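Dear colleague,

I am passing on the structure we spoke about, and it is placed just below. My notes on it follow, in the order in which I would read them with the structure open.

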Amino acid sequence: MQKYSITRRDFLRNSAAAGVATALQPKIHSLAGPVAIASQNGFAAVARAVEEINAGADALDAVIAGVNLVEEDPNDITVGYGGLPNADGVVELDSAVMHGPTGRAGAVASLQGIKYPSRVAKYVLERTDHVLLVGEGAQKFARMHGFSIENLLTEEARETWVRWRETLSNRDDYLPPHGPDDADLGETFHRGPDHWGTIHCSAIDLRGNISSVTTTSGLPFKIPGRVGDSPIIGAGLYCDNEVGAAGSTGRGEANLENCCSFLIIERMRVGDSPQDACLYACERIAQNTHLARLQNETGEPAFNVSFYALNKAGDVGGARIRGQAEMVVADRSGARYIEMAHLFP
């Protein structure tokens, strides 16, 4: 698998550079699968997904089985059990699924006490006429379908939350009145460009069908009730069985304001490779980041969003706004990391 690195902001406007990117695009030609992709924390997830597909599973069941490994892992502090809590010390989970063959989707947001929100999202898809359930209603729905309520706050996550509370001052997600040119808002809480988690996983099964899942515990210490991009169809993920699938991790607010997973699918529909489509989405966010408090000293986004995509032919790729990183892919050759493209160093 050849690796590559893209750093030029005007990449997508430069046809020569675009040609280079296409040449470097990692390809896995497998019209009927199995192919699975995920964010960097999904190595075990893609391996499990391909294992399930090889045993005959539908792509949606396979990717959910894959991310369940992360949802139940207390060592991943950004997903499921062990995820860092909101500002009140309560773990709130978001997840969405999308099934390519039927074009249906299901999602839950601000879900408390349920270790596997991706499974609940699948029940929303299969057992309701809705797409998104939130908060107490989502929990009641999960209990109706046999899910048990658990304490998802591990001792490690609790201690991290306590340290945050003890040193809070005014560093949180609440903002004073401000305008687009106000960069200094006092000691607002700054997570840094990579202090975001989440796992996304998409796959193609043996019948050539495509499905996706994204699941997360969201921003650590968020305002209670905050919903990011992960459970929003078209933002945290999107899947079209005739085109491909895409999903994201990173600053959800930026992705929500640009609906980038849907954008990636539409770029692939008109011929972009998965990598180029993901770079296009990164560029769209960069172009639409106008608030001074969200920019660095050179006017670039001071945060990160990463995108992961595959197309119907089994070609895969990803891109992020800044910095080098890897995603994971699995197929008949096993699971491995591949380098993602990026706009800025």
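Which residue in strand 3 does L93 stand opposite? The residue opposite L93 is L111 of strand 3. Please keep in mind throughout that this is a predicted model.

That pair belongs to the antiparallel pairing of strand 2 with strand 3 (residues 104–111), which runs over 6 bridges. The two strands form a hairpin with 4 residues between them, and in this hairpin G103 takes a positive phi near 70 degrees. Strand 2 also pairs with strand 6 (residues 210–216), again in the antiparallel sense and over 6 bridges, and here V97 has V213 of strand 6 as its bridge partner.

How many of the 7 residues of strand 2 are buried? The count is 7 of 7 for residues 93–99, so strand 2 is largely enclosed by the rest of the structure. In a regular strand the side chains alternate between the two faces of the sheet. In strand 2 both faces are covered, since L93, S95, V97 and H99 are buried on one side, and D94, A96 and M98 are buried on the other.

Turning to the sheet as a whole, 8 strands form an open sheet in the order 4-3-2-6-5-1-11-12, with mixed pairing. Its edge strands are strand 4 (132–134) and strand 12 (334–339), each of which pairs on one side only, and the twist from one strand to the next averages 10 degrees. Elsewhere in this order, strand 1 (residues 35–38) pairs with strand 11 (residues 326–331) in the antiparallel sense over 3 bridges, and A38 has V328 of strand 11 as its bridge partner.

Two helices that pack on this sheet come next. Helix 4 (residues 117–127) touches strand 2, strand 3, strand 4 and strand 6, and its direction makes about 135 degrees with that of strand 3. Helix 5 (residues 135–144) touches strand 3 and strand 4, and its direction makes about 105 degrees with that of strand 4.

Helix 4 has a further partner in helix 3 (residues 59–71), with which it packs at an angle of about 150 degrees, the axes being 8 Å apart. Because an angle over 145 degrees counts as roughly antiparallel, helix 3 and helix 4 are described as roughly antiparallel to each other. Their contact is made by L60, D61, I64, V67, N68 and E71 of helix 3, together with P117, S118, R119, K122 and L125 of helix 4, and these residues divide into 5 nonpolar, 2 polar and 4 charged. The buried residues of helix 4 are P117, S118, V120, A121, K122, V124 and L125, and what covers them includes helix 3, strand 2, strand 3, strand 4, helix 5 and strand 6.

Finally, is T214 buried or exposed? T214, which lies in strand 6, has a relative accessible area of 0% and is therefore buried. Leaving aside residues up to four places away in sequence, T214 touches D94, S95, A96, T198, I199, H200, S230, G236, L237 and S248. The C-alpha atom of T214 is separated by 9.6 Å from that of I232, which is 18 residues away along the chain.

With best regards

Definitions and conventions. Residues are numbered from 1 along each chain as its sequence is written. This is a predicted model: local features need pLDDT of at least 70, side-chain atom pairs count only at pLDDT 80 or more; totals for chains, interfaces and linings use all residues. Side-chain values use heavy atoms; hydrogens and water are left out. Buried means under 20% relative accessible area, exposed over 50%, partly exposed in between (1.4 Å probe, protein chains only). Two strands pair if DSSP finds at least two bridges between them. Axes are lines fitted to C-alpha atoms, for helices over the stretch in contact, and angles run from 0 to 180 degrees between N-to-C directions. Contact means heavy atoms within 4.5 Å. Angles under 35 degrees count as roughly parallel, over 145 as roughly antiparallel, 65 to 115 as roughly perpendicular and the rest as oblique. Ala, Val, Leu, Ile, Met, Phe, Trp, Tyr, Cys and Pro count as nonpolar, Asp, Glu, Lys and Arg as charged, and the others, Gly among them, as polar.
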